[in-house]
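Reader: I'm new to this one and would like a close look at a single part. Could you take me through the sheet, and then show me a little of what lies around it in the chain?

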Amino acid sequence: MQVILARFTQLLSVTLVGLLTAPPASAWWETGHRTVARIAAAHLTSAARARIAQILNVPDTPKAVADALALASTWADETKSQTHTGAWHYTDLAIQDTLADLPARCHHDNCATERVRIFSHPKDLDQLRYLVHLVGDLHQPLHAISDADLGGNCEHVSPPVDTAQNLHAVWDGAIVNSLGLSDRALAASLNQKLSSFGKDAVAELAAGDATDWTWESHELAIRLYRELGVPVEPVIFPKNCREAPAAVANLTFHLDPDYLQQNQWTVREQLLKAGLRLAKLLNES
Ligand SMILES: [Zn+2]
């Protein structure tokens with residue numbers, strides 16, 4: 001009995017340690033980031049793929065590069081608290097901002113837009129891991145908006161959707177997860193969709209630069225806020241939700257079950273664009 005009890009206690013402590021050390025929920029969660037990486041890998045030129053394979057230290061085959069790039073895509077989230085690079089993952093554009101305000105929202109290059117630009121010619125593994133992750137983050141619309149609400153982190157969702165308890169988390173993961181596909185299957189499905197597009201249409205989806213993609217996400221986020229009736233708050237950037245205005249911090253959404261489904265198309269499109277645009281940067285670098 002004592003042996004069984006000891007074994008049970010051991011199991012329990014292993015489980016608890018596992019729970020306590022599990023990485024925090026990441027932006028787009030794992031599925032979104034890995035999907036972006038896999039789409040990009042599928043659209044690399046052979047020269048770019050050879051270089052990426054070298055940086056990732058894997059054989060230069062489509063499968064090895066796609067798997068390794070997918071694996072590398074979440075590292076920036078897993079390490080951001082140790083490296084103090086959390087601000088690199090979003091661009092805090094206020095609802096009232098115009099494009100001319102963008103540089104002011106990127107103090108010391110501490111925003112996703114500038115970091116994508118800085119890492120767009122990756123020379124080593126860390127630069128590549130940042131680039132693949134941050135291009136993904138930039139396409140999550142709530143990573144490009146501020147309504148004094150930390151990009152939707154302060155508005156509650158009750159009851160929780162999937163495990164998402166705030167609006168930002170719904171867009172980080174719940175909608176992607178509601179597709180019910182692995183990153184491999186989701187990337188394959190989006191690539192399949194792309195095969196019906198002409199060359200020009202694909203090039204158009206990949207067009208632009210980090211500023212264009214930020215602004216596109218920002219405008220998308222404004223539309224999402226309007227649809228939900230989020231009130232427009234003054235241009236302030238609180239450090240946490242306790243400092244956020246009550247009008248957003250006390251806001252709780254009861255999201256219709258259809259909400260996830262209605263937004264799946266937008267999420268799929270953003271993932272596809274992010275993958276194609278990442279491939280474009282890597283092919284040109
Ligand atoms: Zn991130």
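Author: Here is a walk through the sheet, followed by a few other spots in the chain. Keep in mind that this is a predicted model.

Let's start with the whole chain. Its secondary structure comes to 13 helices and 3 strands. Those 3 strands form an open sheet in the order β2-β1-β3, and the pairing is mixed. The edge strands are β2 and β3, since each of them pairs on one side only. As for what sits against the sheet, helix α8, residues 167-178, packs on it and touches β1, β2 and β3. The direction of α8 makes about 145° with that of β2.

Now for the pairings themselves. In general, strands of a sheet pair through backbone hydrogen bonds, either parallel or antiparallel. You get both kinds here. Strand β1 covers residues 156-161 and strand β2 covers residues 164-166, and the two pair in the antiparallel sense over 2 bridges. If you want a spot to find on screen, look for Val161, which stands opposite Ala164 in β2. The hairpin of β1 and β2 has 2 residues between the strands, and Asp162 there takes a positive phi near 60°.

The other pairing of β1 is with strand β3, residues 252-253. These two run parallel and are joined by 2 bridges. Two pairs of residues are handy for finding your way: His156 stands opposite Thr252 in β3, and Val157 stands opposite Phe253 in β3.

Next, take a look at a place where two helices meet. The axes of helix α10 (residues 199-206) and helix α13 (residues 258-284) come within 8 Å and cross at roughly 90°. That makes α10 roughly perpendicular to α13. On the α10 side the contact is made by Val202, Leu205 and Ala206, and on the α13 side by Leu272, Lys273, Leu276, Arg277 and Lys280. Sorted by class, the contact of α10 with α13 has 5 nonpolar, no polar and 3 charged residues. How many of the 8 residues of α10 are buried? The number is 0, so α10 lies largely in the open. Just after α10 you will find Gly208, which takes a positive phi of about 100°.

For a contrast, try Arg115, which has its place in helix α6, residues 112-118. Arg115 counts as buried because it has 26 C-beta neighbours inside 10 Å, and 20 or more is what burial takes. Leaving aside its neighbours within four places in sequence, Arg115 is in contact with Trp88, Asp109, Tyr130 and Leu134. Then there is Tyr90: Arg115 and Tyr90 are 25 residues apart in sequence, and 9.7 Å apart in space, C-alpha to C-alpha.

Finally, zoom back out. Of the 285 residues of the protein chain, 42% count as buried. Among contacts with a separation of 6 or more, 71% are accounted for by residues 24 or more positions apart. The C-alpha trace spans about 65 × 55 × 40 Å along its principal axes. With 285 residues, a compact globule would have a radius of gyration near 19 Å, and the 20 Å of this chain agrees with that.

Key
Residues numbered from 1 in each chain as written. Predicted model: local features only at pLDDT ≥ 70, side-chain atom pairs only at ≥ 80, totals over all residues. Pairing = 2+ DSSP bridges. Helix = DSSP H or I, 4+ residues; strand = E, 2+ residues; numbered from the N terminus. Rg over C-alpha atoms; globule rule 2.2 N^0.38 Å. Buried ≥ 20, exposed ≤ 12 C-beta atoms within 10 Å, placed from the backbone. Contact = placed C-beta atoms within 7 Å. Axes fitted to C-alpha atoms, helices over the stretch in contact; angles between N-to-C directions. Parallel < 35°, antiparallel > 145°, perpendicular 65-115°, else oblique. Nonpolar A, V, L, I, M, F, W, Y, C, P; charged D, E, K, R; others polar.
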